[in-house]
Amino acid sequence: MILSTARLTLRPFSPADAPFILELLNQPSWITNIGDRNVHLLEDAVGYIENGPMASYARHGFGLWCVERTADRTPVGMCGILKRDYLDSPDIGFAFLERFQGQGYGMEAAAATLAYARATLHLDRMAAVVSPDNTGSIRILQRLGMRYTEPILMPGDAEPIALYRLPGTLG
C-alpha cells in the first residue's frame, strides 16, 4: 500500500491487475479523453503495467497506482504521479471506471496523491495535462487548486491539450 483515505487504498500495480487495466483502458471515456493505448488483450495489459507503472516505480520511486475501495478491495481506478520527458515537473494523473465516476473517488484519490507528493516525496512542483473537453477532470484539478497555464502539444498528438499547474510553492 502507498496510501489510504477514508474510503480508498492506493497501491502499486502488478501484472495480476491486467483484467482491470484491460477494462479501464478500453472504456469510451478513456479512449475519448486519453486515447487508445493499443491494449486489447490481457497480454497487452500486462505489458502496459510492466512498461508503464512498474517501470516508473523503479525509475522514479512513484507512478500510477491502483485505486481500490478499501471496504471490498474493488479496483475503481488509477491515480498517481508521472514524470514525462517533455514536462519540466512531475504531473498528477487519474482515471476511473465509468461506473465509479461521480462518487468523489477521483477527488479523494487526487487530493491524497498531492499530499503524498508534498509530504513524502518532497516534490516542489506539480503539473497536470488534460483534454480541454474533459470537464470532470478539469473540475478536480481546479478543486485541487491547479490553474490552467497554456495549451501544449504532446508527442505524437495532433491536437493540443491543456496544461495545469499548482501555483505558489508547487508551481
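## Nonpolar cores

A nonpolar core is a set of buried Ala, Val, Leu, Ile, Met, Phe, Trp, Tyr and Cys residues joined through side-chain atoms within 4.5 Å. Buried means under 20% relative accessible area, exposed means over 50%, and partly exposed lies in between (1.4 Å probe, protein chains only). The largest such core here has 51 residues. Within this core, F13, I21, M78, L141, L144 and M146 touch the most other members. Helix α5 (residues 105–119) supplies the largest share, 8 residues. Another core, of 7 residues, lies apart from it. Its members include A127, V129, M154 and L163.

What does M146 contact, leaving aside neighbours within four places in sequence? The partners are I92, M126, A127, A128, L141, Y164, R165, L166 and P167. Contact means heavy atoms within 4.5 Å.

## Basis of the model

This is a predicted model, in which local features need pLDDT of at least 70 and side-chain atom pairs count only at pLDDT 80 or more, while totals for chains, interfaces and linings use all residues. Residues are numbered from 1 along each chain as its sequence is written, and side-chain values use heavy atoms, with hydrogens and water left out.

## Overall fold

The protein chain holds 6 helices and 8 strands. Helices (H or I, at least four residues) and strands (E, at least two) are DSSP runs, numbered from the N terminus. Along the sequence the pattern reads β-β-α-α-α-α-β-β-β-α-β-α-β-β. Contacts between residues at least 6 apart in sequence often span far: 56% join residues at least 24 apart.

The C-alpha trace spans about 40 × 40 × 35 Å along its principal axes. The radius of gyration is 15 Å, which agrees with the value near 16 Å for a compact globule of 171 residues. That radius is taken over C-alpha atoms, and the globule rule is 2.2 Å times the number of residues to the power 0.38. Buried residues make up 49% of the 171 residues. The chain exposes about 8,500 Å², and carbon and sulfur atoms supply 53% of it. Accessible areas come from the Shrake-Rupley method with a 1.4 Å probe; for residues, only the protein chains shown count as cover.

## Helix α4 and the α1–α2 loop

Helix α4 covers residues 53–60. Its buried residues are P53, A55, S56 and Y57. Their cover includes β2 (8–12), α3 (42–51), β3 (64–69) and β4 (75–82). G61 follows α4 and has a positive phi, near 85°.

Q27 sits in the loop between α1 (18–25) and α2 (28–33). Q27 counts as buried because its relative accessible area is 8%. Not counting residues up to four places away in sequence, Q27 touches F96, L97, E98 and Q101.

## E108 and R7

Side chains of opposite charge can pair when their charged atoms come close. A salt bridge is a side-chain nitrogen of Lys or Arg within 4 Å of a carboxyl oxygen of Asp or Glu. The count comes to 9 salt bridges.

E108 and R7 form one salt bridge, with their closest N and O atoms 2.7 Å apart. E108 lies in helix α5 and R7 in the loop between β1 (3–4) and β2, so the pair ties together parts 101 residues apart in sequence. E108 is buried at 17% relative accessibility, whereas R7 is partly exposed at 33%. Leaving aside neighbours within four places in sequence, E108 is in contact with T5, A6, R7 and L8.

## Strand-linked salt bridges

R11 and E68 form another salt bridge, the closest N and O atoms being 2.8 Å apart. R11 is in strand β2 and E68 in strand β3, 57 residues apart, and the pair links distant parts of the chain. Both are buried: R11 has a relative accessible area of 14%, and E68 has 6% relative accessibility. R11 and E68 also belong to a network of salt bridges that includes D17 and R73.

Which residue meets R165 in a salt bridge? D88 does, at 2.8 Å, N to O. D88 lies in the loop between β4 and β5 (91–96) and R165 in strand β8 (residues 161–165), so the pair ties together parts 77 residues apart in sequence. D88 is partly exposed, with a relative accessible area of 49%. R165 is buried, at 14%. R165 is also one of the contacts of M146.
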